[in-house]
Amino acid sequence: MSPLKLTGFTLTRRRSAEMAVILVLLALLLVAPTFFARISVLFFILNWIVLAESFNMFAGLTGYVNFGHVVFYGVGGYVSALLMVNAHASPYVAVIAGGLASSLLALGISLPTTRLRGAYFAIATLSINEAFFVTFDSWDAVGSAPGLSLPISYYQPVVEYYVMVVVAIACVLSMYAISKSKFGIALQAIRQQEVTANSIGINAAYYKSLALVFSGFFAGLAGALAIWQITFIDPPSAFNVTITVTSISMAMLGGLGTVIGPVIGGALLYELTDLLGLSYPFIHLIILGVIIVGVVLVIPDGILGASRRVLTKVRGRR
Amino acid sequence: MGDLLRLTQVAKRFSGLEVLKDISFEVAEGEVLGLIGPNGAGKTTLFNIISGILKPNSGRVVFASKDITGLPTHRVSRLGIARTFQIPQPFAEMTVLENVRATLLFSNPRPEGKLPRDAKEICEMVGLGGRLEQPAGSLSAPEKKRLEVARALASSPRLLLLDEFAAGLTLSESSWASEMIKSLSKDYGVTIVWTEHVMKILMRSVERVLVLQSGEVIASGTPAEVVKNELVLKAYFGGKPA
């Protein structure tokens, strides 16, 4: 059988130009610590990119909006923090354990929730977020409300930065691999018409679970890395629904379901929030809200989708 | 030839409303069976039960000597039961060809099957050869119906369930449909169960008809026998014609 070609994934000459841009950006990321003093800014841009991309891995491909995305981030953070505080584990082990714990959690959450459709799924995942917040806020073994602080010896900004770079690259490459694979085609089919997907032999529940496991893994890594950098975690910062909403906004701004969209959206929105916060400290959230509403109304397919549409139009006119 | 599909005392209730009561029938391998009945008779519910979208409250569904009652839809599909939807449900953003290719990718090919396994060939078979690169969502309504058939064929069915297939088609479209269905059965050995409440087109194409009313089989026989049956006339016209 001929290989399956889906719209938007055709190889063109434009691809090589894109590849060149990506390689230059990667090279800059690798040498950044030698000339850029505030690498924590880059660290958090990458952290947000991983959050947005991991959200996209499930929501962008399946069409289900996971309003509990931050739970994976929070649990990944807590598991790694507990390992470092109580067991004095190596930070690398702690970060990986955080990712694995969140992917296990994703599997558990997916079993009941992948039976739900549309808004019911969104509401269920939102309530799971609340449940985690309340539990961690009153559970003494995990530090309850005061939270946990890492011993200062764990703080190694440059090492953390490079681990973050590796995780971000792995996350974007995974999204690329998934969207190219049979797995990705199953998810596209589910997003476009789930009943039909099932009726042509796609086990929709299984593929949705698997997508959530991948999404949870990377969000868990992001949470664990954030804790390593911030050296502190408490329930309001770990299970903050604003983090979910920001991830959603970033993915939508760049282009839901695309590979590079959340990267563009993540970097852009993080910088924008930062700049607006500095210049208009009291109304920056309002400005941000207006921008997000504008994106949804004017370019619902995000920057990447809109620029593709414009490009096709321009080419057509020639 | 033995029975390919056998339903035994299938019943389905939706919170108190009995949609299907004690339905039993068999479909022989290679047969084209028509299933008619007024609106609300339970035709689509019956299809949903056979294809695993709904679970019956009681009764058994046996396909190719295997009990498939309550089996999930994707497994029923892989065993060789394909269906078309009354309202076409394509993958709207994929092209016609991609719709068929995606189906081929996940289907379970049967070595003895005679149906083509090439996406383009299948599209040409249903008359969509000129629409290959068009997004499925932009097809006209009759073309979407053709795509439903193409997708069903791509999953290598032994049994094809056609839900209200001719409804909404023009005269020439529906005579194409009836030729298509005859050829699927004769040339490709696909067993077919076809529901319709527009009877004319169906009566010309099938060998046997079951009449469903209020969740019960009220008559069964050749088209000629069924149209003379008093219960059937009563179900459709509310009484004996004067």
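Okay, let's start with A:Tyr78, which is buried, with a relative accessible area of just 1%. Keep in mind that this is a predicted model. What does that tyrosine pair with, and at what angle? Its ring forms an aromatic pair with A:Phe136, 4.6 Å centre to centre, and with 45° between the planes the pair is tilted. A:Phe136 is buried as well, at 8% relative accessible area.

Now, where do these two sit along the chain? A:Tyr78 is in helix α3 of chain A, residues 69–87, and A:Phe136 is in helix α5 of chain A, residues 118–138. So the pair ties together parts that are 58 residues apart in sequence. And they have company: A:Tyr78, A:Phe132, A:Phe136, A:Trp139 and A:Phe239 form one aromatic cluster.

Over all chains, the structure holds 16 aromatic pairs. Another one of them is A:Phe43 with A:Phe44, with ring centres 5.2 Å apart. Their planes are at 85°, and anything over 60 counts as edge-to-face, so that's what we call this pair. A:Phe43 comes out at 1% relative accessibility, so we count it as buried.

Let me step back to chain A as a whole. It has 14 helices and 2 strands. The C-alpha atoms fill a box of roughly 60 × 50 × 40 Å along the principal axes. For 318 residues you'd expect a compact globule to have a radius of gyration near 20 Å, and chain A has 20 Å, so that agrees. Buried residues make up 48% of the chain. If you take contacts between residues at least 6 apart in sequence, 79% of them join residues at least 24 apart. The chain exposes about 14,800 Å², and carbon and sulfur atoms supply 73% of that. On charges, there are 17 positive and 11 negative side chains in chain A, and the centres of the two sets lie 24 Å apart.

Two loop residues in chain A, before I move on. A:Thr231 is in the loop between α9, residues 204–230, and β2, residues 232–233. Is this threonine buried or exposed? At 18% it's buried, because the cut-off is under 20%. Leaving out residues up to four places away in sequence, A:Thr231 touches A:Leu148, A:Ser149, A:Leu150 and A:Tyr155. The other one is A:Ser144, in the loop between α5 and β1 of chain A. Its phi is near 40°, a positive value in a residue other than glycine, and at 11% relative accessibility A:Ser144 counts as buried.

Chain B has its own positive-phi serine. B:Ser15 has a phi of about 30° although it is not a glycine, and you'll find B:Ser15 in the loop between β1, residues 3–14, and β2, residues 17–28. Buried or exposed, this one? Exposed, at 80% relative accessibility.

So, chain B overall. It has 9 helices and 10 strands, and the C-alpha trace spans about 50 × 40 × 35 Å along its principal axes. A compact globule of 242 residues would have a radius of gyration near 18 Å, and chain B matches that at 18 Å. Buried residues make up 52% of chain B. The accessible surface is about 10,200 Å², with 51% belonging to carbon and sulfur atoms. Chain B carries 30 positive and 26 negative side chains, with the centres of the two sets 3 Å apart.

One residue in chain B to look at is B:Ala82, in strand β6, residues 81–84. It counts as buried at 2% relative accessibility. What does B:Ala82 touch, leaving aside neighbours within four places in sequence? The contacts are B:Ala152, B:Ser155, B:Pro157, B:Leu159, B:Leu160 and B:Leu161.

Last stop: helix α3 of chain B, residues 96–106. This helix is mostly covered, with 10 of its 11 residues buried. The buried ones include B:Val96, B:Leu97, B:Val100, B:Leu104 and B:Phe106, and also B:Glu98 and B:Arg101. What do they pack against? Within chain B, the partners are α2, α4 and α5. On the chain A side, the buried residues of α3(B) pack against α7, residues 182–192, and α9. And α9 of chain A is the helix that runs up to the loop with A:Thr231, which I showed you earlier.

Terms used: Residues are numbered from 1 along each chain as its sequence is written. Chains are lettered from A and ligands numbered from 1 in the order in which they are written. This is a predicted model: local features need pLDDT of at least 70, side-chain atom pairs count only at pLDDT 80 or more; totals for chains, interfaces and linings use all residues. Side-chain values use heavy atoms; hydrogens and water are left out. Helices (H or I, at least four residues) and strands (E, at least two) are DSSP runs, numbered from the N terminus. The radius of gyration is taken over C-alpha atoms; the globule rule is 2.2 Å times the number of residues to the power 0.38. Buried means under 20% relative accessible area, exposed over 50%, partly exposed in between (1.4 Å probe, protein chains only). Accessible areas come from the Shrake-Rupley method with a 1.4 Å probe; for residues, only the protein chains shown count as cover. Lys and Arg count as positive and Asp and Glu as negative; His and the chain ends are not counted. The place of a charge is taken as NZ of Lys, CZ of Arg, CG of Asp or CD of Glu. Rings of Phe, Tyr and Trp (its six-membered ring) pair if their centres lie within 6.5 Å; planes under 30 degrees apart count as stacked, over 60 as edge-to-face and the rest as tilted. Contact means heavy atoms within 4.5 Å.
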